[in-house]
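Biologist: I'm new to this one and don't want to get lost in it. Please set the scene for me, then take a close look at one spot where helices pack together, and tell me what surrounds it.

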Amino acid sequence: MPIILDHQMREQITHGNAVFPITYFCDELSEIPNLAGPLHWHPDFEIATAETGVLDYQVGRQHITLEAGDSIFVNGNILHGIRQLSGDIPDPMPNIVFPGALIASENSAVYQKYIQPIGRCDSLPFVVFRHNNPCHDAVNILINDTYRLLREQSACYEMAVQRNLNSIFEYIFRYFDDLPKSEAKRIQINNQIRIQKMLSYIYEHYAESVTLEDIAESANISRSESGRCFNAYMGCSPVDALIQYRLQIAFRLLNDKGMTLQEISNACGFNSVNYFSRQFKKKYGYAPGQNRIG
């Protein structure tokens, strides 16, 4: 894989079926506040599709606009996030997450010759398949058929899914030299490792008292360098990223009517419920207790 950290990765995907390790997601945007999810990563490959609206798919530092019918393949262990750009109704955004070993075992010739070179290519963080590009029609048909197979799970669907993914990787491999590449400078790779380490620290310690120095030390860099990394990838400071993540956790916890606002505030690392309420209203436009009736 392009980037592998030496500690536990965030967003590890627990596939429902370990024997057939692929997970199908749909309607995730409907559960995400402001139709925008945080940057995350996982060791598996990902394929996602804009179904009805326009999506901003951030991969590393790049922002890719997906129009309805466009799909994207994201390499493993690459930072990525999603934000809907158009419409108030969440785009279904069907997507699948799977390891290369689903197609062929890691010690097989197929994996080592065709899957591994793609997964290890630092300069290929993603591939976009446009709905209006005739050259991409076959791949988009395969992707949408894979979603259908995973929804219906009719007889022999596993073999059909595996066959479709095999064909998608065959396309990527055959046209590998012609696909747009991103220049993978060592400093860019190092910066992504740093931001992953710092985000990992935030995701693991958000409920605790966290300082800028704590975040920077998690990547063994200075506070100023930490700020530069976050500004480059997320357009905000490390502390702002911490606050935004705490608010996203709080947004989900508000569905638990058994927790008071004080308990939610404490669980998310806010020392003051008043400060929590101000930050929540600033981000979402309404007070955290406004919709908690019943």
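Modeller: Let's start with how the chain folds back on itself: among contacts between residues at least 6 apart in sequence, 72% join residues at least 24 apart. Keep in mind that you're looking at a predicted model. The protein has nine helices and eight strands. Its radius of gyration is 20 Å, close to the 19 Å that the globule rule gives for 294 residues, so the protein is as compact as a globular protein of that length. If you want a feel for the dimensions, the C-alpha trace spans about 55 × 45 × 35 Å along its principal axes, and 47% of the 294 residues count as buried.

Now for the close look. A pair of packed helices is described by the angle between their axes and by the distance between those axes. Find helix α1, residues 109–119, and helix α3, residues 157–174: their axes come within 10 Å and cross at roughly 70°. An angle from 65 to 115 degrees counts as roughly perpendicular, and α1 and α3 are therefore roughly perpendicular to each other. Who does the touching? On the α1 side you'll find Lys113, Tyr114, Ile115 and Ile118, and they meet Phe169, Ile172 and Phe173 of α3. Sorted by class, that contact has six nonpolar residues, one charged residue and no polar ones.

Next, the sheet. Five strands make an open sheet in the order β1-β7-β2-β5-β8, and the pairing is antiparallel. At the edges stand β1 (23–25) and β8 (126–129), each with a single partner strand, so one side of each is left without a neighbour in the sheet. From one strand to the next, the twist averages 15°. To see one pairing up close, go to β2 (residues 45–49) and β7 (residues 95–98), which run antiparallel and are joined by four bridges. There, Ile47 stands opposite Ile96 in β7.

One last stop is Tyr201, which sits in helix α4, residues 186–205. Leaving aside residues up to four places away in sequence, Tyr201 touches Val210, Asp214, Ile215 and Ser218. You can also check its spacing to Glu217: Tyr201 and Glu217 are 16 residues apart in sequence, and their C-alpha atoms are 9.7 Å apart in space.

Definitions and conventions
Residues numbered from 1 in each chain as written. Predicted model: local features only at pLDDT ≥ 70, side-chain atom pairs only at ≥ 80, totals over all residues. Heavy atoms only, no water. Axes fitted to C-alpha atoms, helices over the stretch in contact; angles between N-to-C directions. Helix = DSSP H or I, 4+ residues; strand = E, 2+ residues; numbered from the N terminus. Parallel < 35°, antiparallel > 145°, perpendicular 65-115°, else oblique. Contact = heavy atoms within 4.5 Å. Nonpolar A, V, L, I, M, F, W, Y, C, P; charged D, E, K, R; others polar. Pairing = 2+ DSSP bridges. Rg over C-alpha atoms; globule rule 2.2 N^0.38 Å. Buried < 20%, exposed > 50% of the residue type's maximum accessible area, 1.4 Å probe, protein only.
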